[in-house]
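Good morning. Please have a look at the model on the screen, and I will then go through a few parts of it.

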Amino acid sequence: MATFLYRLGRWAFLRRRLVTLLWVALLATAGVLAAKAPTAPDDGFAMPGTEAQQAFDLMDERFPGSTAEGASARLVFVAPSGQTISAGPNQQAVERTVAEIAHGEQVTGAVSPFQAGAVSKDGSTAYATVSYDAKPGSLSTAATDALRQAAQHGRDAGLTVEIGGSALMGGAEAGGTSEAIGMAISAVVLVITFGSLAAAGLPLLTALVGVGLGIAAITALGSTLGLSTTTSTLAMMLGLAVGIDYAVFIVSRYRAELLEGHEPKEAAGRAVGTAGSAVVFAGLTVVIALAGLSVVGIPILAKMGMAAAGTVVIAVLVALTLVPALLGFLGGRVLPRRARRAAARRFRSRRSPAGPVAVEGTARPGSPAVPAAVPAEPAGERPANGGTRWARLVLRRPVAVLLAGVVGLGIFALPALDLRLGLPGEESQPTSTTQRRAYDHLSEGFGPGFNGPLTVLVDARGAADPKAAVERVGKEVAGLPGVVSVSPAVFNKAGDTALINAVPSTGPSAAETQRLVHAIRDGSAGLKSATGATVLVSGATAMNIDVSQKLSDALVPYLAVVVGLAVVLLLVVFRSVLVPLKAALGFLLSVAAALGAVVAVFQWGWLADLIGVEQTGPVMSVMPIFMVGVVFGLAMDYEVFLVTRIREAYVHGEEPGEAVVTGFRHNARVVTAAAFIMISVFAGFIGMAEPMVKMMGLGLAAAVAFDAFVVRMAIIPAALALLGRRAWWLPRPLDRILPDIDVEGARLQTPAPEPEPARHFVGV
């Protein structure tokens with residue numbers, strides 16, 4: 001593979017104009033197709049195999065036109081202090097507001113609270129339900145504007161009016177200012193790392209090209225493949241992060257090859273042949289992790305994973321072709337001016353008859369003979385950088401570093417033992433939003449469980465007396481502990497199916513509400529044997545409970561699939577049994593620590609005010625799955641980039657300890673920079689108003705920080721130091737079976753440099 005990528009890198013460097021034009025043409029074509037593509041379909045959060053989804057499907061069949069999954073709004077009216085909502089002027093204002101919104105666009109019905117009996121016992125609060133013929137997130141701007149305008153007219157009449165429900169639910173936030181801040185921080189980190197504006201700007205430019213092409217492709221194929229705009233959220237987040245990182249590794253290796261005295265086209269070929277091999281396999285681990293989301297069984301997660309995986313593939317292709325092409329335009333300008341002069345001197349030294357000569361390098365048993373150039377000065381005379389000093393410190397105290405890293409991550413992971421999953425609703429919104437204020441007013445006026453009613457569907461087709469069966473079910477549900485009230489049954493036209501709303505005494509995300517749902521379901525078997533009717537529990541609250549349960553059940557199989565495939569891949573890359581295993585164990589430590597941080601902030605409330613978390617509650621159900629998938633792929637990035645350089649030095653004859661030092665001398669700085677870049681991209685999402693996006697940003701940023709700086713930079717070198725040569729042990733049967741893909745670039749020959757003016761080489 002290294003030889004093929006070496007040739008690809010040289011070809012892209014030499015054919016830079018053609019390669020650049022091809023990428024520009026692809027981006028332009030995708031942009032045009034995206035602009036002309038039909039509107040993407042609505043996601044429809046379907047949960048196949050759950051009772052709540054089964055009930056929704058049955059509702060659509062038995063209650064046609066009822067828009068069970070349609071958007072709805074609750075206009076919550078609160079009378080001024082000391083007054084009742086039914087007082088003459090207040091009631092008139094409510095009636096006018098409801099009548100106004102009833103004629104709004106896409107509205108199928110608006111029920112006055114005085115007709116529906118939706119007035120609190122103390123008379124201070126009332127609500128009106130507005131139904132729409134479109135799904136949440138699909139309402140037109142005119143419809144939502146009419147809703148807000150009607151609410152404002154009620155406020156002008158002296159009432160407090162807030163809007164709850166799903167009508168104002170918008171699409172996923174695209175990032176905006178937060179992503180711009182992340183890009184700005186990334187630019188600063190790159191300038192500090194490379195000391196060159198040209199080298200710093202190139203990864204940002206190529207990452208934007210890759211993300212732009214990926215998002216345009218998702219938009220263009222949206223109607224064909226059923227990809228909505230929501231699926232692009234994860235693709236944008238990951239595409240930007242890995243796009244920058246992959247380009248950084250290629251550029252960094254190119255700079256290192258220039259400093260070794262290679263001419264630019266040779267340096268580009270070697271950079272793509274070595275670092276490019278690591279990019280390919282790092283990208284494969286990310287793709288495996290994202291594609292593995294398909295095993296969870298939730299269609300929207302599968303679509304998000306596949307869309308993001310496609311964007312990562314584009315990022316890999318950009319790094320292997322567009323990056324060396326742009327390096328062809330920059331030449332030596334990716335180096336600071338002083339470094340250019342040093343590189344030019346080494347280049348002239350390599351070309352001179354008295355310069356270094358190619359000798360046969362010492363290879364480890366089982367590895368091919370490796371031609372290596374004798375450096376102009378001994379490696380030991382090179383000045384130690386931060387990576388070298390840190391590696392030597394770890395080698396002096398490997399046991400202490402290993403224990404400190406493991407114990408430290410274990411302490412951070414302790415809160416994860418109290419992990420409680422759920423899908424936060426309006427109660428988790430900031431108090432500045434009208435949805436959160438509506439939620440609070442309804443809780444005060446009608447009780448906390450009013451915001452999470454349970455929809456009990458009774459299929460009485462098998463009952464001898466459907467009405468008697470439904471009545472029996474209603475009485476049984478009303479008699480359960482934790483049920484405040486049960487609404488009268490609503491039958492379909494055939495009279496064989498009914499809906500009953502049960503209001504719990506606790507909020508939608510409370511553990512008591514979850515137990516109530518299970519209690520109703522546990523009693524359904526007895527009710528069916530007694531009445532012949534089938535009882536199903538649905539509604540938003542029950543759906544959230546089912547989603548959490550399904551995701552929890554899928555976590556272990558998902559871990560097995562993703563980690564298993566990635567371990568096999570790393571086994572091929574490193575030709576070692578222990579290195580992939582310690583990589584996987586380190587990843588599990590970092591994910592557990594990151595989940596602990598999420599629980600501490602969002603569930604326990606630690607430092608919640610600092611990042612704008614106004615309401616604690618359960619951790620988003622998809623959080624563990626997303627963190628496992630996304631962080632595993634990114635963690636393996638650092639593992640591949642760092643350990644391949646260590647193995648490269650070991651294969652070329654260095655002792656295990658010195659190989660660790662060599663790997664850190666070359667790659668520690670760039671891995672650190674890449675981690676800072678990824679953390680800044682993810683941390684930018686912490687500033688979002690949406691709690692779910694905020695949680696994702698914190699969790700992913702924490703996971704990358706733990707994995708890059710504790711696991712990869714401390715635990716891994718300490719473990720390699722303790723294992724010594726045993727770290728690279730591979731049983732003979734496996735050695736014969738596994739393909740030798742040469743990810744370290746050991747087979748790359750050192751051709752004699754062709755005459756090339758030093759002026760062109762240094763880019764001045």
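I will take three pairs of helices and then one cavity.

This is a predicted model, in which local features need pLDDT of at least 70 and side-chain atom pairs count only at pLDDT 80 or more, while totals for chains, interfaces and linings use all residues. Residues are numbered from 1 along each chain as its sequence is written, and side-chain values use heavy atoms, with hydrogens and water left out.

Helices here are DSSP runs of H or I with at least four residues, numbered from the N terminus. Axes are lines fitted to C-alpha atoms over the stretch in contact, and angles run from 0 to 180 degrees between N-to-C directions.

Start with helix H4 (residues 88-102) and helix H6 (residues 141-156), whose axes come within 9 Å and cross at roughly 165 degrees. H4 is therefore roughly antiparallel to H6, a word used for angles over 145 degrees. On the H4 side, the contact (heavy atoms within 4.5 Å) is made by Thr97, Glu100 and Ile101. H6 brings residues including Leu147, Gln149 and His153. The contact of H4 with H6 divides into 5 nonpolar, 4 polar and 1 charged residues. In this count Ala, Val, Leu, Ile, Met, Phe, Trp, Tyr, Cys and Pro are nonpolar, Asp, Glu, Lys and Arg are charged, and the others, Gly among them, are polar.

Next, how far apart are the axes of helix H18 (residues 511-522) and helix H20 (residues 540-574)? They lie 10 Å apart, and the helices pack at an angle of about 95 degrees. H18 and H20 are therefore roughly perpendicular to each other, the term for 65 to 115 degrees. Thr513, Gln514, Val517, His518 and Arg521 of H18 meet Thr541, Ala542, Ile545 and Asp546 of H20.

The third pair is H10 and helix H23 (residues 623-651), with axes that come within 12 Å and cross at roughly 5 degrees. That makes H10 roughly parallel to H23, which is said of angles under 35 degrees. By class, their contact has 10 nonpolar, no polar and 5 charged residues.

H10 also leads to the cavity. A cavity is a set of points on a 1 Å grid over the protein atoms alone where a 1.4 Å probe fits but cannot get out. The count is 3 cavities of 30 Å³ or more, and the second largest has a volume of about 60 Å³, taken as the space filled by probe spheres set on the points. Helices H8 (197-220), H10 (232-259) and H12 (299-330) each supply at least two residues of its lining, where a lining residue has an atom within 4 Å of a point. That lining has 6 nonpolar, 5 polar and no charged residues.

Methods:
1 Å grid on protein atoms, 1.4 Å probe; cavity = no way out; pocket = protein on both sides within 12 Å on 5 of 7 lines; lining within 4 Å.
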